[in-house]
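Subject: Structure handover

Dear colleague,

Here is the structure you are taking over. My notes on it follow below the entry.

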Amino acid sequence: MTTRARTHAATGEHTTRHAASRSSLLRPALAGAVLLALSASAAVAQAPSAAPSCSLVQAGRLLDRPGHAPRGASTLLVCGGRVEAVRDGFVDASAFPNAGNALVIDLRSRFVLPGLIDSHVHLTSDKAGVEGQLEGISKGVADHAYEAAVNARKTLAAGFTTVRNLGDEDGVTLALRDAVAAGKLPGPRIVDAGNAISTTSGHMDPTLGFRDDLHAALDVHGNTCDGADDCRKAVRRQVARGVDVIKIATTGGVNSRIGAGLGQQMFDDEARAIVETAHLYKKKVAVHAHGADGIALALRAGADSIEHGTLMDDADLKLLRQTGAYYVPTLSTVNGYRERLAKNPDAYTGEVREKIEWRIGITGKALERAVPAGVKIAFGTDAGVSLHGRNADEFELMVAHGMTPATAIAAATVNAADLLGLADQVGSLDVGKRADLIAVNGDPLSDVTVLKQVQFVMKDGRVEKDVRGAAVVSR
């Protein structure tokens with residue numbers, strides 16, 4: 001298929017697919033295509049204007065520190081893209097020595113909380129199954145760059161100001177990460193994993209499901225490894241590309257086009273070599289894992305998070321507590337599966353369809369066990385399997401499977417910030433942190449579904465979304 005990371009319609013996993021157009025006769029200058037696509041995207045989606053030097057955000061209620069009780073009427077002073085002060089009540093600029101002629105943002109009828117964080121997305125994809133595979137063959141890197149830019153805008157508009165992108169090829173989302181950071185186009189802050197790593201015939205092997213004579217054209221990114229030394233080299237390839245985090249698979253995947261099950265598919269020395277090498281370079285490791293044996297393998301090796309964790313058992317729960325690793329449930333995948341199947345009953349075929357039916361039935365059971373076990377949980381959707389811009393659907397599923405609205409919100413703010421290594425920057429509205437905040441109608445601590453309708457988004461002190469009537473901005 002194409003060079004982009006293909007998300008799987010069954011686990012929220014992604015698998016790398018490369019197109020037959022990868023042949024030397026058809027292969028374009030990929031870097032140039034990505035830059036062209038991003039530049040054009042920036043022209044279509046106008047880059048946000050510079051933030052005012054200071055703003056006063058007046059909130060009807062304020063959850064400045066998720067996990068603690070919300071405040072009542074409050075005012076935040078935002079200067080230089082960061083929170084400079086928080087005061088009780090609605091106050092004007094005269095209460096702040098450094099406010100000057102601050103812009104006043106009136107959210108007095110709204111509930112304000114920190115910008116949300118999705119720890120598991122795939123921005124280059126919004127399709128999966130047969131449809132995604134066919135698109136992978138017919139579209140190239142420039143198409144994927146445009147799609148990633150559009151999906152980034154949808155995600156930001158949904159109130160998610162930071163994401164961790166767990167699977168990319170050809171540098172599409174690495175380039176998008178840098179373009180967003182430079183203010184060239186709108187999008188969430190991106191923590192990117194580059195190419196996800198697996199063993200040969202493992203979940204991220206790009207040759208799965210293709211005939212033998214296409215394998216050489218497909219397997220061009222060096223993201224598969226066999227043996228400890230080879231796996232160390234695979235990590236170093238990603239580090240050299242400038243990734244922020246390493247993504248690996250220790251088990252099979254629901255959408256993997258191979259009848260090898262969902263159990264362990266990596267040896268202990270391989271997993272250990274990957275994690276040790278990543279940590280040597282100060283990179284955290286996110287692990288796609290379904291089977292209990294593959295989860296335990298990853299945790300023994302020192303993984304920082306388990307993605308999906310569908311079949312975790314008591315031993316896995318104990319290891320999660322002992323190691324302090326995070327569990328990222330990715331429950332929203334079931335929405336993606338159901339919606340695609342409702343639209344097209346043949347969206348998934350063969351053994352993949354069987355695994356998807358199983359995944360739909362079992363999703364949420366692991367979270368129901370993890371919550372009372374005291375496991376640390378971070379919010380992640382696997383958007384790309386589910387739809388981008390619908391990330392907040394995950395909250396309702398988390399609450400349905402054992403969390404409270406308060407703990408689900410904490411998972412998408414302070415917990416996710418800690419997992420991503422950004423706790424000193426985002427996740428709460430403490431003084432000195434980035435001014436990432438959203439506003440909603442209603443109380444999300446009583447009804448978490450109000451987070452599906454975000455009225456106002458600010459990122460780094462800049463207003464990115466303001467639904468008419470949600471905020472009256474004045475001097």
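I begin with a single residue, tyrosine 348, which sits in the loop between α10 and α11. Please keep in mind throughout that this is a predicted model. Is tyrosine 348 buried or exposed? Its relative accessible area is 3%, and the cut-off for buried is under 20%, so tyrosine 348 is buried. Between tyrosine 348 and tyrosine 337 there are 8.8 Å in space, C-alpha to C-alpha, and the two are 11 residues apart in sequence.

Tyr337 also belongs to the contact between the two helices on either side of that loop. On the α10 side the contact consists of Thr333, Val334, Tyr337, Arg338 and Leu341, and on the α11 side of Arg353, Ile356, Glu357, Arg359 and Ile360. By type, these residues are 5 nonpolar, 1 polar and 4 charged. Helix α10 covers residues 333–343 and helix α11 residues 350–362; their axes come within 10 Å and cross at roughly 130°. An angle that is neither under 35 degrees, nor over 145, nor from 65 to 115 counts as oblique, and α10 and α11 are therefore oblique to each other. The crossing of α10 past α11 is left-handed.

Other helix pairs

Two further pairs can be described in the same terms. Helix α9 (residues 314–323) packs with helix α12 (residues 365–373) at an angle of about 45°, and their axes are 11 Å apart. This makes α9 oblique to α12 as well. Their crossing is right-handed. Asp314, Leu317 and Arg321 form the α9 side of the contact, and Arg369, Ala370 and Ala373 the α12 side. The contact of α9 with α12 has 3 nonpolar residues, no polar ones and 3 charged ones.

For helix α6 (residues 228–241) and helix α7 (residues 268–280), the axes come within 8 Å and cross at roughly 35°. Here too the crossing is right-handed, with α6 passing α7. From α6 the contact takes Ala228, Cys231, Arg232, Val235 and Arg236; from α7 it takes Asp269, Glu270, Ala273, Ile274, Thr277, Ala278 and Leu280. Sorted by type, the residues where α6 meets α7 are 7 nonpolar, 1 polar and 4 charged.

The parallel sheet

Next, the strands. There is an open sheet of 3 strands in the order β7-β8-β9, and the pairing is parallel. Which strands lie at the edges? They are β7 (116–121) and β9 (189–192), each of which pairs on one side only. On average, neighbouring strands of this sheet are turned by 15° against each other, direction ignored.

Strand β8 (residues 160–165) is joined to β7 by 4 bridges, the two running parallel. Within that pair, leucine 116 stands opposite phenylalanine 160 of β8. Helix α14 (residues 405–419) packs on the sheet and touches β7 and β8, and its direction makes about 50° with that of β7.

On the other side of the pairing, β8 and β9 also run parallel and are joined by 4 bridges. Valine 163 has isoleucine 190 of β9 as its bridge partner. In β9, Ile190 and Asp192 point one way, Arg189 and Val191 point the other way, and all are buried.

Strand β17 and its partners

Strand β17 (residues 437–440) has antiparallel pairing with two strands. Strand β6 (residues 103–114) is joined to β17 by 4 bridges, and the two run antiparallel. Valine 112 stands opposite alanine 439 of β17 in this pairing. Strand β18 (residues 454–459) is likewise antiparallel to β17, again with 4 bridges. Leucine 437 has methionine 458 in β18 as its bridge partner.

The side chains of β17 alternate. Leu437 and Ala439 point one way and Ile438 and Val440 the other way, and all are buried.

The chain as a whole

Finally, the overall figures. The protein chain has 14 helices and 20 strands. Of its 475 residues, 60% are buried. Among the contacts with a separation of 6 or more, 72% are between residues 24 or more positions apart.

Regards

Technical notes: Residues are numbered from 1 along each chain as its sequence is written. This is a predicted model: local features need pLDDT of at least 70, side-chain atom pairs count only at pLDDT 80 or more; totals for chains, interfaces and linings use all residues. Side-chain values use heavy atoms; hydrogens and water are left out. Buried means under 20% relative accessible area, exposed over 50%, partly exposed in between (1.4 Å probe, protein chains only). Two strands pair if DSSP finds at least two bridges between them. Axes are lines fitted to C-alpha atoms, for helices over the stretch in contact, and angles run from 0 to 180 degrees between N-to-C directions. A crossing is left-handed if the near helix is turned anticlockwise from the far one by less than a right angle, and right-handed if clockwise. Contact means heavy atoms within 4.5 Å. Ala, Val, Leu, Ile, Met, Phe, Trp, Tyr, Cys and Pro count as nonpolar, Asp, Glu, Lys and Arg as charged, and the others, Gly among them, as polar.
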